[in-house]
Each structure stands twice: as C-alpha cells, then as structure tokens.
Amino acid sequence: MRVRNDSACVRMPQPGVWGAAYFLRRTAGAPAVFLLEIPSMDQSLANGARRATIERNTNETRIRVAINLDGTGVYDVRTGVGFLDHMLEQLSRHSLMDLTVVAEGDLHIDFHHTTEDSGIAIGQALNKALGDRKGIQRYGHSYLPMDEALTRVALDFSNRPFLIWKVEFTRDKIGDMDTELFREWFQAFAVAAGVTLHVENLYGENNHHIVESCYKALARAVRAAIEIDPRKRDAIPSTKGTLGGSL
Ligand SMILES: [Mn+2]
C-alpha cells in the first residue's frame, strides 16, 4: 500500500470502514483524486468483507467509487452536480452503505454522461461487493413518503436487470439538473447492479420530493435486500443455485 505524504491529504471521517487508511486530496478548483491504492477485491473478499471499489474512465467521465455494504451510511459524494450529490447521499444514508463517489465528467456539455455513468459505477461496485450473493435476503421493498409524495420501490437482486419506471415530473429541471436524467440513472444502476427494479411514484406534487422519495425508497429497499439472512447465511437464495456472474 502506498500513501503519498502530502499535507493536503484529508483523512476520511471513518477510515476504518474501508479496512485501510484511505485518503483524498483536494487541489484548488479540482475534484478530489485518489492517492492511495485500494486493497484488491480479492483481498477484501478473503476477509469476508463486503466492500468493493470501481474505477471507470471514459472520454466522457472519470469516476471512482468505493462501497461498503455493511457500513453506517457514511458518504463522501462529489460528482460536480449538486442535486445528484444530494440524491446519492440519500442512497448512502438510508441504505447504510458507506459510499464514496468522485466523478469528473463533461459537465460543459450537460449532466447526462455524469449522471448515467455514476449509476453504472455505483451499480458495478454494489454488484462486485455482493460477490456470489450468498446469504442475502435478495428481495426488498419500501413505501416511502416525503411530505405529499409517496413512492414505492420493489426490487430483486436477481442478476436479471430490469427497470420499471413509473415516475412523472411536471418540471423540466430541478436545480440545474434535467428531470429526464433520473430515469437514466435508475436504468444504468439496475443494469450494472444486476437488479430487477420497480419504481413507482404513487402521488406527489413537488418534483424535488418526488425524486428524493425515489432515491430514499431505493435505499431502504436495497438495505433490506442485501441484509444477510441469519437463517440462510451460507445459501444462495435461489433454487437455481446461482445468482452471481452471468446466468
Ligand atoms: Mn432534498
């Protein structure tokens, strides 16, 4: 493990949750960058830890994600899109997954690539951390109210990606973010995480409440589904005998 000796380094609030010292560095006006090699997933799995990291670089975005499924909802999210950060922080806090997301995207074009690719990278990290999905509850659902809005999420960590999205907005934007991008995020997440995901906003007026209830409902449903079932700790929750990898 390599730690750069740099006084500008900022220690994560709870470095222990990553199983290793873990540092970020901020440079003036630039997104944080990782300076430390992260323990390999093989190493983490060998320790029985449900953690993973993803580094995903394209010509459109550069994204680092670190996830700990058995965390306490500690997050460090910096995508450059304020409202998206607000949503991903909800996902962490209410799922109790510790989540770091650092993204540098082509925001000068629009927020599309950064939104979609953050969904891919977080989904990939979750999928990786779940490994063979042994012992998980597999299913989760949540009815989540936020003032006048109510959203239902039901999901299955089936490794058969599918999205049902019944959410309508009456505004084109929330903050600087196009509301049509939320479906893109959920679609990307469902495919990358290998989850059958049904999201329905049953009613609501305020567009901020509507989408925030979607992310919070997702978080609560994920929390339930990835919980280890103490009665079936060593079993794959499928009569097929497999949920991980390609089916
Ligand atoms: Mn809010």
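## Exercises on a predicted chain: helices, packing and single residues

**Exercise 1. Check the length of helix α2 (residues 82–95) against its expected span.**

Helix α2 has 14 residues, and at 1.5 Å a residue they should span 20 Å. The expected span is 1.5 Å times one less than the number of residues. The end C-alpha atoms of α2 are 20 Å apart, which agrees. Helices here are DSSP runs of H or I with at least four residues, strands are runs of E with at least two, and both are numbered from the N terminus.

The model is predicted: local features need pLDDT of at least 70, side-chain atom pairs count only at pLDDT 80 or more, and totals for chains, interfaces and linings use all residues. Residues are numbered from 1 along each chain as its sequence is written.

**Exercise 2. State which residues of α2 are buried, what covers them, and what follows the helix.**

Step 1. A residue is buried if 20 or more other C-beta atoms lie within 10 Å of its own, exposed if 12 or fewer, and partly exposed in between, with C-beta atoms placed from the backbone. In α2 the buried residues are F83, L84, M87, L88, Q90, L91, S92, H94 and S95.

Step 2. The cover over these residues includes β6 (75–78), β7 (98–105), α3 (112–130), β11 (173–174), β12 (177–178) and α5 (207–226). Contact means that the C-beta atoms of two residues, placed from the backbone, lie within 7 Å.

Step 3. After α2 comes L96, with a positive phi near 70°.

**Exercise 3. Describe the packing of α2 against α5.**

Step 1. Two packed helices are described by the angle between their axes and the distance between the axes. Axes are lines fitted to C-alpha atoms, for helices over the stretch in contact, and angles run from 0 to 180 degrees between N-to-C directions. The axes of α2 and α5 come within 8 Å and cross at roughly 30°.

Step 2. That makes α2 roughly parallel to α5. The classes are roughly parallel under 35 degrees, roughly antiparallel over 145, roughly perpendicular from 65 to 115, and oblique for the rest.

Step 3. The crossing of α2 and α5 is right-handed. A crossing is right-handed if the near helix is turned clockwise from the far one by less than a right angle, and left-handed if anticlockwise.

Step 4. On the α2 side the contact is made by M87, Q90, L91, H94 and S95, and on the α5 side by V211, E212, Y215, K216, L218, A219, R220, V222 and R223. These residues divide into seven nonpolar, three polar and four charged. Ala, Val, Leu, Ile, Met, Phe, Trp, Tyr, Cys and Pro count as nonpolar, Asp, Glu, Lys and Arg as charged, and the others, Gly among them, as polar.

**Exercise 4. Do the same for α3 and helix α4 (residues 181–193).**

Step 1. The axes of α3 and α4 are 7 Å apart, at an angle of about 25°. That makes α3 roughly parallel to α4.

Step 2. The crossing of α3 and α4 is right-handed. Residues making the contact include H112, T115 and E116 of α3 and L181, E184 and W185 of α4. The contact residues divide into eleven nonpolar, seven polar and two charged.

Step 3. For α4 itself, 13 residues at 1.5 Å each should span 18 Å, and the end C-alpha atoms are 18 Å apart, which agrees. Its buried residues are L181, F182, W185, F186, A188, F189, A190, A192 and A193. They are covered by elements including α3, β10 (162–166), β12, β13 and α5. G194, with a positive phi near 70°, follows α4.

**Exercise 5. Classify R133 and D147 as buried or exposed, and locate each one.**

Step 1. R133 is in the loop between α3 and β8 (139–146). Its phi is near 65°, a positive value in a residue other than glycine. R133 counts as buried, because it has 21 C-beta neighbours inside 10 Å.

Step 2. D147 is in the loop between β8 and β9 (149–156). Its phi is positive, about 50°, although D147 is not a glycine. D147 is exposed, because 12 other C-beta atoms lie within 10 Å.

**Exercise 6. Place T196 and N68 in their strands, and give one distance for each.**

Step 1. T196 is in strand β13 (residues 196–203). With 17 other C-beta atoms within 10 Å, T196 is partly exposed. T196 and F157 are 39 residues apart in sequence and 6.4 Å apart, C-alpha to C-alpha.

Step 2. N68 is in strand β5 (residues 61–68). N68 counts as buried, with 24 C-beta neighbours inside 10 Å. The C-alpha atoms of N68 and M97, 29 residues apart along the chain, are separated by 5.5 Å.
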